[in-house]
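User: Hey, I've just opened this one and I'm new to it. Can you walk me through a few things?

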Amino acid sequence: MIAAIFNDIDLMIMLVGALVGIASSLVGTFLVLRGSSMLSDAIGHSIVFGIVVVWLLTHQSSGPWQILGAALTGLLTVFLTELLVNTQRVKKDAAIGLVFPVLFSLGILLINLYANDVHVDAHTVLLGEIGFIWLDTLNIGGVEVPRALLTMSGMTLVNAIFILVFYKELKLATFDAALARALGFAPGVLFYALLLLTSGTAVAAFDAVGAVLFVAFVIVPPSAAWLLTDRLERMFLYGILISIASSILGYQLAVLWDVSIGGMMAVMTGVFLALAFLFGPRHGMLALWYQRRHQRALNDSRTLAVHLFNHEDGPEQAVENVTQALRDHLRWADSRAQQVVERARHKQLIVQQGSQLKLTPAGRQLAREILEPSRQPSGNMPQ
């Protein structure tokens, strides 16, 4: 039964894709929250330099030495970026754009000069081919297990353990680095450790899915999760679920339409981001539209209450506290004036007697809260 599971090519491809997504989104969540998500793109390209250097030194195109070399290259990318930023001559985004093309170009040159006949090439690093992971296996207990599955399982476990162990420190360093530094948590060290894991994840994933899909998984699922919730724990959960769903649906659609598997997985992360952008409960476009609409309706009700209160029991009440006055003095269109009056009646802020609009005790209290807030009891805010 176990052998049958590992021999299921479709399942292995989806599982490896999901593991890449989970491992990437775990570290990517903190990068997105710190506003440093594009460092993953820089790392994803610059690790080519580290991979080639390690091959030149060890003649190994995979394994722990490659992960270590790429991770150190990722740290070098960040170090050089920070070095440029600290000169105060370029901004951070420009520094990233200066550093990683240099390292990436050096990697490509070294490949062309010294590794042209070896299975280390730019196409493999950038795009990969997740559909072929079942061809590279290790025999474990008589069962052929895809090497990429073992590598990504290990990387996912390492990332998860790191975040669980240093969760409080990472959270504090992300949202309040000054306080974390004052408490002795060394936010800079934590950030570099996070980037070290990001680099390790990139090189662990590149042979299967390539740097492009890795970058998509690092940035897009956490970004979509951020649109869905403001709680960090839920961001991790939503990011993981989006990664898994993108891998499964991406593979199924790629097979159905006979297109790139990795490309379709990346597209699905974008689909989930678009859905979160539109329908997110707090930051989605529809939610923001509803909030603005609700706030406008609330402001209209308050304006009506204040207008009626200012002219209540005065000599001009008969001409001011009518719907026509709302059109003339507040410059409201007929439809808007009618809607505001109906809404205020529904909320029992006013009553209408003939053409006259009169405040109820609740409407009068609302007007007083706006005009005389200092006289209101503490904590009694307008609704």
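Analyst: Sure, we can go through the inside, then the surface, then a couple of backbone details. Keep in mind that this is a predicted model.

User: Inside first, then. How many cavities of 30 Å³ or more does the structure hold?

Analyst: Just one cavity reaches 30 Å³ or more. The volume of the largest cavity comes to about 50 Å³.

User: How do you even find empty space like that?

Analyst: You roll a probe the size of a water molecule over the atoms, and that shows where empty space is left.

User: OK, and which residues line the largest cavity?

Analyst: The lining is made of F30, R34, L170, A173, T174, P187, L190, F191 and L194. Two elements, α8 (167-175) and α10, each give two or more residues to that lining.

User: Which element gives the largest share of the lining?

Analyst: That's α10, with four residues.

User: And how do the lining residues divide into nonpolar, polar and charged?

Analyst: Seven are nonpolar, one is polar and one is charged.

User: Switching to the outside. Which residues make the nonpolar surface patch?

Analyst: V267, V271, L275, F277, L278, F279, M285 and L286 make the patch, and its area is about 690 Å². The elements that supply two or more residues to the patch are α13 (261-279) and α14 (285-311). Helix α13 has the largest share, six residues.

User: Take L275. Where is L275 found?

Analyst: L275 sits in helix α13.

User: Why does L275 count as partly exposed?

Analyst: Its relative accessibility is 41%, and partly exposed covers what lies between under 20% for buried and over 50% for exposed. So L275, at 41%, counts as partly exposed.

User: Now the backbone. Which residue has a positive phi of about 50°?

Analyst: That's A186, which has that positive phi although it is not a glycine. You'll see A186 in the loop between α9 (177-182) and α10 (187-206). With a relative accessible area of 36%, A186 is partly exposed.

User: What about R331, what is its phi?

Analyst: R331 has a positive phi of about 60°, and R331 isn't a glycine either. Look for R331 in the loop between α16 (323-329) and α17 (334-346).

User: Is R331 buried or exposed?

Analyst: Exposed, because the relative accessibility of R331 is 66% and the exposed class begins over 50%.

Definitions and conventions:
Residues are numbered from 1 along each chain as its sequence is written. This is a predicted model: local features need pLDDT of at least 70, side-chain atom pairs count only at pLDDT 80 or more; totals for chains, interfaces and linings use all residues. Side-chain values use heavy atoms; hydrogens and water are left out. Patches are made of residues with over 30% relative accessible area and no salt bridge: like charges are joined within 9 Å, nonpolar side chains (Val, Leu, Ile, Met, Phe, Trp, Tyr) within 5 Å. Accessible areas come from the Shrake-Rupley method with a 1.4 Å probe; for residues, only the protein chains shown count as cover. A salt bridge is a side-chain nitrogen of Lys or Arg within 4 Å of a carboxyl oxygen of Asp or Glu. Buried means under 20% relative accessible area, exposed over 50%, partly exposed in between (1.4 Å probe, protein chains only). On a 1 Å grid over the protein atoms alone, a cavity is a set of points where a 1.4 Å probe fits but cannot get out, and a pocket is an open set with protein on both sides within 12 Å along at least five of seven lines; lining residues have an atom within 4 Å of a point. Grid points are joined across faces, edges and corners, and a volume is the space filled by probe spheres set on the points. Ala, Val, Leu, Ile, Met, Phe, Trp, Tyr, Cys and Pro count as nonpolar, Asp, Glu, Lys and Arg as charged, and the others, Gly among them, as polar.
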